Amino acid sequence: MSRLADTVTKIRSKNAGPFWLTIDIFCGSPEVFKRVSGALKTEQIISILQADATLLKRFDIEDLNVVKFSVPRPQIQGTRLDRDMHGASFAALLSDLDV
């Protein structure tokens, strides 16, 4: 097994509007995409992100070799409780996953 961050080309998280975040995992090749897509369990991502299972959305985009997760932001963007205005830190939560 190896770390997700060492296996893929890039892991990126960002805003998808003030209420949602998106995490993109760029695999770089069809072989890596198949490996990562099969190894990442949605339940595991729900647990790490502490997300509502009924709201998390997963997209396996084979043509682009990308696995994408969309999840409601824990805090609405820009409110006083929002600690990550751009949503950039959420990618780091997945970096150490074994794939």
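**View 1. The largest nonpolar core of this predicted model has 24 residues.** Four residues have the most contacts inside this core: Leu4, Ile25, Val36 and Leu40. Two strands and two helices each supply at least two of the core residues. The strands are S2 (20–26) and S4 (66–72). The helices are H2 (30–39) and H3 (42–49).

**View 2. Leu4 touches residues from several parts of the chain, including Ile11 and Val99.** Residues up to four places away in sequence are not counted here. Leu4 touches Ile25, Val36 and Leu40, and these three, like Leu4, are among the residues with the most contacts inside the core. Further along the sequence, Leu4 also touches Leu94, Ser95 and Leu97.

**View 3. Strands S3 and S4 form a hairpin.** Strand S3 covers residues 57–61. The two strands pair in the antiparallel sense, over 5 bridges. One pairing to look for joins Phe59 to its bridge partner in S4, Lys68. Between the strands lie 4 residues. Asn65, in the turn, has a positive phi of about 55°.

**View 4. Phe69 sits in strand S4.** Is Phe69 buried or exposed? Its relative accessible area is 1%, so Phe69 counts as buried. The limit for buried is under 20%. Leaving out residues up to four places away in sequence, Phe69 touches Leu21, Thr22, Ile23 and Ile25, among others. Its contacts also include Leu40, Ile45 and Leu56. Lys57 and Arg58 touch Phe69 too. The C-alpha atoms of Phe69 and Phe59 are separated by 6.3 Å. Along the chain, these two residues are 10 residues apart.

**View 5. Arg73 lies in the segment after S4.** Arg73 counts as buried because its relative accessibility is 9%. Where does the side chain of Arg73 reach? It reaches the backbone oxygen of Asp84, at 2.9 Å. Neighbours within four places in sequence are set aside for the contacts of Arg73. One group of contacts comprises Asn15, Gly17, Pro18, Phe19, Trp20 and Leu21. Another comprises Asp82, Asp84, Met85, His86 and Gly87.

**View 6. The largest pocket has a volume of about 190 Å³.** Which elements give two or more residues to its lining? They are H3 and S4. Among the lining residues are Ile48, Leu49, Val71 and Pro72. The lining also includes Leu21, Gln50, Ala51, Asp52 and Leu55. Pro74, Phe90 and Leu93 line the pocket as well. Leu21 also appears among the contacts of Phe69 and of Arg73.

Methods:
Residues numbered from 1 in each chain as written. Predicted model: local features only at pLDDT ≥ 70, side-chain atom pairs only at ≥ 80, totals over all residues. Heavy atoms only, no water. Core = buried A, V, L, I, M, F, W, Y, C linked by side-chain atoms within 4.5 Å. Buried < 20%, exposed > 50% of the residue type's maximum accessible area, 1.4 Å probe, protein only. Contact = heavy atoms within 4.5 Å. Polar contact = N/O pair within 3.5 Å; in protein donor to acceptor, adjacent residues only side chain to side chain. Pairing = 2+ DSSP bridges. 1 Å grid on protein atoms, 1.4 Å probe; cavity = no way out; pocket = protein on both sides within 12 Å on 5 of 7 lines; lining within 4 Å. Points joined across faces, edges and corners; volume = space filled by probe spheres on them.
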